[in-house]
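Me: I should like to work through this structure by means of a series of questions. Please reason briefly each time and finish on the item requested.

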Amino acid sequence: MQVEWDSPLTAVAGKDHARHAEKILKATSMRTVGDLLGHFPRQYVDKGRLSDLGELNEGDVLSLVGEIVSSKLNTYQDRRTHRTAYRLEVRVRAEDGALSLTYFDKRAGVAHWRAEELAVGRVGMFSGRLKWWRNDWQLTNPDSRMWDEKAGHTATAMPDLIPIYPQVGPISTWNLEETIAFALDVVDRVPEVLPEGVRRDGDLISAAQAYRWIHRPDNHGQLAAARKRLKYDEAFVAQVILARHRVELEKVRATPRTGRPGGLLDRFDERLPFALTAGQRRVGEEILIELGQGHPMHRLLQGEVGSGKTVVALRAMLHVVDSGGQAVLLAPTEVLAQQHHRSIAAMLGDLGAGGTLGAADGATGVALLTGSLGAAARRQAMLDAASGEAGIVIGTHALLEERVQFFDLGLVVVDEQHRFGVEQRAALSEKAGAPPHVLVMTATPIPRTVAMTVFGDLDTSTLAELPAGRGEVQTSVVSTLAQPQWLDRAWERLREEVDAGRQAYVVCARIGDEPPPEEGPVLHAVEEMAPMLAQGPLSGLRVESLHGRMSPDDKDKVMRSFAAGEVDVLVSTTVIEVGVDVPNASVMVILDADRFGVSQLHQLRGRIGRGGHAGLCLLVTDTDPQGPSMERLVAVAGTRDGFELSRIDLEQRREGDLLGTRQSGGGDKGLKLLSVLRDEAVIAAARDAATDVVRADPALAQHPDLVDAVARLEDSGRADYLEMG
């Protein structure tokens, strides 16, 4: 019997496996033999070896192979039903240790069958969750698979490495192993997605050998070789898609934006009250060179909070305006759009006052377009954009509306790219006569390997250093569960900063009019905390509220007052997370800090210490001092390195979440073996090889198996993350 890689799963559903295949079809998105063989083991058990229990925790899954050395069936009275129940206590010995197993049954027939099945002297494999009971580790009701001595299934005949598969619905790892083993034996040909030269240069085994060894390794050497090959496959197919994007972009013609001597950019640079950092100068030069090319720039600008990305973007926009074009800055929220408009207008001064009295010679206009503008202001902003009077247009999703047109759109700057879909960016680009240059900015630092995978069709620039004059920020965790009085001290500390002439933020996780959660504690809310603080520990201070349900005019009014120093304490939700720049703010209290992610906490903290004053960030929490949430907060308090924090964040979360996917039990929508954090060398090598292959054969005409693999990835949910750039 021979079946194809793309044959339906039922092709391996012989009489011995039909029931398993039917369950797999119902429980997963696996539909083909290839899907099944792509469901890799999650771990391997060394025959006779017992994991070091000192390294495990209660609730961890443990699998072992061993011989039953004792087995005793006991009866007891079930307190709920008052009926006789059965408890089978088993001791299993491996080569390097022993472990207790306990099985509970309510029916006599099942209990006696199990006692006979788990008789002394039998050898089996057992898998379950660890539990600490009576000063000893044990597995309760573990899955078990016994070897049948009568059929010649002895311990010596067992493989040295036994695969354990991720649970798929009601299907046990043993059932999966049997079905996959049968599929391996009957599949006709395993597709070879790597060109021979790539496989040879990478010292990689064949795909057929890799699939056999990933499912049936005889030793750790075979397993390592299989993992090496299959990781490379994952990286290579994704990088081929990105390489094709890059090659296609190079074919697109764009209007070169070469700037002009003595223009707005030169005059702006002359007026700068501070010196650009070395990183800002280097990245700025990269951008200006690319803007002068005949194909569109597609660049990702990432940097630490407060590293000066806005100045770099503004210099690029002025260069385009000097070239006769327009630039647009797309922000995800009205608060951020308004903040950008205020700061850019302030930095430009009369250079950005085009069309008004007092404008400098050759000045351009800076327009703001958001959904909340009044009719007259909206018409004027749209007119300025369409006529070219406004060389720089800043706005939110309102910029994407069909009625909004531009005179000569040359550069699109997208701030906080992760908040926009690729369709939104494309809709803005389509408003240009020729494809515009694109600069994507993010203040969420991304490790290099992630950037190569997630934003692989973009060239990446990084700003790591902070401008001179930034104050140090001390971050401390305030555990109210351990010391409730510490919260009172936090408010005293905030008041001390305000008394010294500084300003403060208090961040809450909710607004206040939401329904209470069905489970868990009720979180602090802006609308409750602001009056409580104003009447209590912060009485006499000027306290204001800010949240997303306020009208845009009210939000803008509050932010202007805070920026002008007319508000001492701003009680806010995370609407101040990005883009808000008030140099006098030196202290931030984040309530229920355990409810925020690592990157979000880092972004929030970046709102303070932006002037020359030292900053203080207090992470208030009542979470378990020994729990994972506290570990996350301690990590944030321990470093201001956003790249290190992003790595910690990704290690604590599933990498598939970062990629816009979730690996499920059989959907295989996330990464299988490849780690975007740990496999930098693999991703970099695959990127170089994919670029060479695509440049030599853009249609991949010589690589039909690769074409099929690319199509499968593009058709699956896994391709979503490749469109983030």
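Me: Which residues is serine 479 in contact with, leaving aside its neighbours within four places in sequence?
Reply: In this predicted model, serine 479 belongs to strand β16, residues 473-479. Its relative accessibility is 7%, and a residue under 20% is classed as buried, so serine 479 counts as buried. Leaving aside neighbours within four places in sequence, the contacts of serine 479 are Trp486, Thr621, Pro625 and Met630.

Me: In what order do the strands of the open sheet of seven strands lie?
Reply: The pairing in this sheet is parallel. Its edge strands, each paired on one side only, are β11 (365-369) and β15 (459-463). Neighbouring strands are turned against each other by 20 degrees on average, direction ignored. The order of the seven strands is β11-β12-β10-β13-β14-β9-β15.

Me: Which residue stands opposite glycine 303?
Reply: Strand β9 spans residues 298-303 and runs parallel to β15, to which five bridges join it. The partner of glycine 303 lies in β15, and that partner is leucine 463.

Me: What angle does the direction of helix α9 make with that of β15?
Reply: Helix α9, residues 278-291, packs on the sheet. It touches β9, β13 (409-415), β14 (437-442) and β15. With the direction of β15, the direction of α9 makes an angle of about 155 degrees.

Me: At what angle to β13 does helix α10 run?
Reply: Helix α10 consists of residues 309-322. It lies across β9, β10 (326-330), β12 (390-395), β13, β14 and β15. Relative to β13, α10 runs at about 170 degrees.

Me: Which element gives the largest share of the largest nonpolar core?
Reply: In soluble globular proteins, nonpolar side chains tend to be buried together. The largest nonpolar core here has 38 residues, and those with the most contacts inside it are Met317, Leu348, Ile392, Leu411 and Leu439. Nine residues of this core, the largest share, come from α10.

Me: How many residues has the other core, which includes Met30?
Reply: This core lies apart from the largest one. Besides Met30, its members include Val168, Ala210 and Tyr211. Its number of residues is 31.

Me: Which residues does isoleucine 392 touch, not counting those up to four places away in sequence?
Reply: Isoleucine 392 is among the residues with the most contacts inside the largest nonpolar core. With residues up to four places away in sequence left out, isoleucine 392 touches Leu314, Met317, Leu318, Val321, Ala327, Leu348, Thr364, Gly365, Val366 and Ala367.

Me: Which residue stands opposite aspartate 46?
Reply: Strand β1, residues 43-46, runs antiparallel to β8, and four bridges join the two strands. In β8, residues 161-164, Leu161 and Pro163 point one way while Ile162 and Ile164 point the other way, and all are buried. The residue of β8 opposite aspartate 46 is leucine 161.

Me: Is arginine 229 buried or exposed?
Reply: Arginine 229 meets glutamate 192 in a salt bridge of 2.5 Å, N to O, between their side chains. The pair links distant parts of the chain, with glutamate 192 in the loop between α4 (173-186) and α5 (196-201) and arginine 229 in helix α7 (residues 220-251), 37 residues apart. Glutamate 192 is partly exposed at a relative accessible area of 24%. With a relative accessible area of 0%, arginine 229 is buried.

Me: How many residues apart in sequence are the parts tied together by aspartate 568 and arginine 542?
Reply: The side chains of aspartate 568 and arginine 542 meet in a salt bridge of 2.9 Å, N to O. Aspartate 568 lies in the loop between α17 (552-563) and β19 (569-572), and arginine 542 in the loop between α16 (526-535) and β18 (543-546), so the parts tied together are separated in sequence by 26 residues.

Me: Why is helix α18 largely enclosed by the rest of the structure?
Reply: Helix α18 comprises residues 598-605. The buried residues are Val598, Ser599, Leu601, His602, Gln603, Leu604 and Arg605. Helix α18 is largely enclosed because the buried residues number seven of the eight.

Methods: Residues are numbered from 1 along each chain as its sequence is written. This is a predicted model: local features need pLDDT of at least 70, side-chain atom pairs count only at pLDDT 80 or more; totals for chains, interfaces and linings use all residues. Side-chain values use heavy atoms; hydrogens and water are left out. Buried means under 20% relative accessible area, exposed over 50%, partly exposed in between (1.4 Å probe, protein chains only). A salt bridge is a side-chain nitrogen of Lys or Arg within 4 Å of a carboxyl oxygen of Asp or Glu. Two strands pair if DSSP finds at least two bridges between them. Axes are lines fitted to C-alpha atoms, for helices over the stretch in contact, and angles run from 0 to 180 degrees between N-to-C directions. Contact means heavy atoms within 4.5 Å. A nonpolar core is a set of buried Ala, Val, Leu, Ile, Met, Phe, Trp, Tyr and Cys residues joined through side-chain atoms within 4.5 Å.
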